[in-house]
Structures are given as C-alpha cells and as structure tokens.
Amino acid sequence: MNYNGAFEAAVRRVKAEGRYRVFANLMRRKGEFPVARWRTEEGDVRDVTVWCSNDYLGMGQVPCVVESMKSAIDEVGSGAGGTRNISGTTHYHVELERSLADLHGKSSALLFTSGYIANEATLATLGKILPNLIIFSDELNHASMIEGVKGARCEKHVWRHNDVEHLEELLKAAPIDAPKVIAFESVYSMDGDIGPIEAVCDLAEKYNALTYLDEVHAVGLYGLRGAGIAERDGLMHRIDIIEGTLGKAFGVMGGYIAADGAIVDAIRSMASGFIFTTAIPPALAAGARASVEYLKAAHHLRESHQERAATLKQRLADAGYPVMPSETHIVPIKVGDPVLCKRISDRLLDEHGIYVQPINYPTVPRGTERLRFTPTPLHTDAMFDQLVAALDEVWEDAAVADGGIARA
C-alpha cells in the first residue's frame with residue numbers, strides 16, 4: 001500500500017473540485033478589531049479588514065475579558081492540570097458554570113473544550129443513558145450534532161429542515177413509550193435562518209420528547225441578556241438541554257450545556273468527551289465568565305450588531321448582489337461555484353485587503369457556494385463603502401470572465 005500516494009490523491013481530488021482550503025496567516029491587532037495583520041506567502045505584512053469572524057461582537061478584544069485572563073494566569077498559572085475528574089477543576093470553572101446556568105435559567109451547566117465536543121459528547125451519551133432512545137435530527141444540523149447522533153448508536157430519524165409537519169409524521173410513527181429527543185438549532189449559521197422553536201416544543205410536549213437546542217450562533221447575540229433565540233422568544237423554560245459555545249459571540253473558547261441538574265450530572269458522569277479530556281485552562285474560564293457577565297448587561301451591543309447586519313444586507317441588495325434570505329446577523333452572498341468563489345475571495349484579499357473566506361462543500365451543498373459576511377458593531381460605514389467598491393470591481397471581472405453571476 002502506497003500510503004503517501006493515497007493521501008496525496010485525496011488532496012488532489014479536493015483541489016480538482018475547487019474546494020482546497022488555504023489558511024490565511026493572520027494576526028489580530030489588539031484594540032483594533034476587525035483590523036488584522038496578514039502575512040503573505042512572500043513574507044510581506046499588510047493590514048486587512050476581517051469580514052468573516054465568528055467573534056461577532058469583538059469580545060475577544062474587550063479589556064475586561066483580556067484583563068480577567070491575565071489575572072487568572074498570574075494567580076494560578078497557564079494550564080488546568082488535567083481532566084476535571086483528576087486535577088483540572090478550579091474555582092474559575094465552577095464560577096463560569098454558575099454564570100452559564102444563570103444565563104439560561106437552568107439549575108446547572110457543564111463545560112466542554114469546544115461547542116463541537118459539547119454536542120458530540122452530550123448527544124452520544126444520551127443514547128447510553130436512555131434505553132431504546134430515538135433521536136429526531138434536523139437535516140441541516142451541524143456536523144458535531146450529526147456525529148453525536150451517530151455516537152448514540154440508537155434509532156434516528158432525520159426530519160426535513162424546519163419542517164414541523166414532517167417532524168410530527170416521524171414522531172407519530174414512533175412507539176409511544178419510547179424515549180425521544182428532538183435535536184435542532186436556533187440559528188443555522190450558513191443560511192441565517194431560525195429553527196421553529198415554539199412549534200418543536202409543542203410537538204415535544206405532545207409526544208413526550210426531550211428538546212435539545214444548539215444555540216451556538218445565538219448566545220450573546222439575542223435575548224435581553226444574550227441567552228439566545230429561546231430567551232428572545234420566551235421559550236427557554238421549554239427547552240430541556242441548551243448547548244452553546246464560548247468561542248463565538250463570547251470571544252474566547254469552549255463549549256457547554258445548560259439543563260436540569262439531574263441531566264447535567266448524568267452527562268458529567270458518563271460522557272467520554274468530558275471525562276477523558278483535559279479541562280479548558282483557568283484563564284479561558286475566567287475570560288469567558290467576564291464576557292458572559294458583561295454581555296448580560298450590554299444589550300446595546302446586540303442592538304448595534306443587528307443594525308450593522310441589516311445595513312450591510314441592504315447595501316449589498318441595493319448594489320444588486322444575490323444576498324441569500326437571512327433572518328439573522330448572517331449575510332451570505334451566493335456565488336454557486338467553488339472555483340469562482342475562491343477566486344473572488346482571493347482577489348478581495350490580495351487586491352483590496354478584505355478577508356472573507358469562501359464557503360464550499362461540505363460546509364454547504366454543492367451549487368450553493370457563497371461568501372459569508374458577519375459584520376460586527378465595530379465595522380464602520382467607511383468599511384462598508386470599501387467592501388461594496390471592492391466587490392463591484394471583482395464581481396464584474398468575474399462575471400465577464402465566467403458568466404452566470406452578473407448582478408441584478
């Protein structure tokens with residue numbers, strides 16, 4: 001077996017499909033977000049404006065977050081020391097879990113190393129705890145949820161995206177006495193649409209199912225205190241397990257679930273992805289807690305964020321760009337071809353200092369390749385002007401060269 005040859009062939013296939021990913025060498029400038037330094041392959045260093053960060057509010061730069069992390073390092077050092085079962089729990093972890101439980105109106109919360117691991121470990125563990133479990137999963141759920149459902153090793157059904165009638169058909173056909181979990185998201189990050197939370201809760205009550213809601217692209221951004229779409233819509237009390245991340249709007253790193261104490265204790269006691277993983281460093285826990293507490297009282301940032309997103313959508317639509325329908329802060333422009341999408345992205349960076357990554361398969365279905373913009377409260381009108389002007393030049397050139405993507 002030619003092992004290297006197999007790996008090289010796999011990469012060639014990805015390149016041939018136009019979806020080979022190249023990571024830009026970026027260094028964010030503290031206090032100047034969304035400006036960053038880009039180091040080119042030739043070694044040059046240039047300023048760029050970042051348009052695709054999931055640090056949606058720029059909290060990774062806020063002084064109270066940075067200072068909390070520095071203070072924690074000064075107090076206890078850098079690492080957690082191991083898994084929390086053995087040596088990794090510190091008071092910083094305990095305080096953060098209390099803050100997260102309070103944020104979501106739950107009695108308990110549990111930290112994981114990432115949102116991905118929180119989803120994968122929790123959903124997989126539910127299959128171990130609940131005999132004969134059936135999981136009903138939205139077809140556009142994140143890869144971490146899909147892996148968690150696979151790991152549960154139980155019966156599963158995929159319901160058409162946001163189609164509650166299809167969901168009810170599947171629920172109705174299931175044994176009435178079987179335990180059930182409905183897993184879905186609040187904000188779907190590639191299209192920017194919102195899950196039908198209230199309708200799903202109604203069905204869960206009707207068919208005696210647990211609800212599992214991924215709020216990773218909503219926590220910090222929606223609701224009066226930033227608990228997410230379920231808070232905004234007055235539905236948190238109807239969700240059994242809320243999953244979130246600390247690496248997007250909260251600007252740090254880590255993931256978590258919030259739920260009733262019995263649920264959290266069972267996951268804590270049985271989830272391999274929690275038990276056998278080194279805990280997040282105390283500094284991260286301290287910074288995340290500072291960010292969570294700050295955003296509970298900073299609704300003005302959420303209002304500014306929504307204004308910036310709505311303004312950018314309107315600016316791009318007025319300029320004739322194919323802005324995909326979005327109910328949220330996600331601003332996707334459809335390109336529809338992976339090679340063209342990357343070419344536009346490369347030119348925006350090389351020629352205009354605008355960093356926005358192409359979104360290609362498998363993140364989105366083939367034929368729906370796009371540029372995904374995530375404006376923050378720190379993106380100015382001048383930056384909007386620069387973006388539209390750069391797109392005007394690059395898009396027109398691409399339309400002439402390739403056809404099929406002319407503006408409206």
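**Reading cysteines, a surface patch and salt bridges**

Me: Is Cys-341 buried or exposed?

Reply: This is a predicted model, and in it Cys-341 counts as buried, at 0% relative accessibility. The general idea is a simple cut-off: buried means under 20% relative accessible area. Cys-201 passes that test too, because its value is 1%.

Me: OK, now cysteine pairs. How many disulfides are there?

Reply: In general, you check whether two cysteine sulfur atoms lie within 2.5 Å. By that rule, the count here is 0 disulfides. Take Cys-341 as a case: the closest cysteine sulfur belongs to Cys-52 and is 11 Å away, so that's too far for a bond.

Me: Let's go to the surface. Which residues make the nonpolar patch?

Reply: Look for nonpolar side chains that are open to the outside and grouped together. Here Met-1, Tyr-3 and Phe-7 make a nonpolar surface patch of about 460 Å². Find Phe-7 in helix 1, residues 3–16. Phe-7 has a relative accessible area of 58%, so it is exposed.

Me: And charges? How many salt bridges are counted?

Reply: The idea is to find a Lys or Arg side-chain nitrogen within 4 Å of an Asp or Glu carboxyl oxygen. That rule gives 24 salt bridges in this model.

Me: Can you show me one? What is the N to O distance between Asp-191 and Arg-370?

Reply: Their closest N and O atoms are 2.6 Å apart. This pair ties together distant parts of the chain, 179 residues apart: Asp-191 sits in the loop between strand 8 (187–188) and strand 9 (193–194), while Arg-370 is in strand 16 (residues 370–373). Check the surroundings as well: Asp-191 is partly exposed at 25%, whereas Arg-370 is buried at 2%.

Me: What about partners in one helix, where do Arg-268 and Asp-265 lie?

Reply: Both are in helix 10 (residues 261–270), 3 residues apart, which is about one turn of the helix. Their side chains meet in a salt bridge with an N to O distance of 2.8 Å. Arg-268 is partly exposed at 36%, and Asp-265 is partly exposed at 38%.

Me: Which residue does Asp-346 pair with?

Reply: Asp-346 forms a salt bridge with Lys-342, again with a closest N to O distance given as 2.8 Å. They are 4 residues apart in helix 14 (residues 338–352), so about one helical turn separates them. Salt bridges can also share partners: that's how Asp-102, Arg-225, Glu-293 and Lys-296 join into one network.

Key:
Residues are numbered from 1 along each chain as its sequence is written. This is a predicted model: local features need pLDDT of at least 70, side-chain atom pairs count only at pLDDT 80 or more; totals for chains, interfaces and linings use all residues. Side-chain values use heavy atoms; hydrogens and water are left out. Buried means under 20% relative accessible area, exposed over 50%, partly exposed in between (1.4 Å probe, protein chains only). Patches are made of residues with over 30% relative accessible area and no salt bridge: like charges are joined within 9 Å, nonpolar side chains (Val, Leu, Ile, Met, Phe, Trp, Tyr) within 5 Å. Accessible areas come from the Shrake-Rupley method with a 1.4 Å probe; for residues, only the protein chains shown count as cover. Helices (H or I, at least four residues) and strands (E, at least two) are DSSP runs, numbered from the N terminus.
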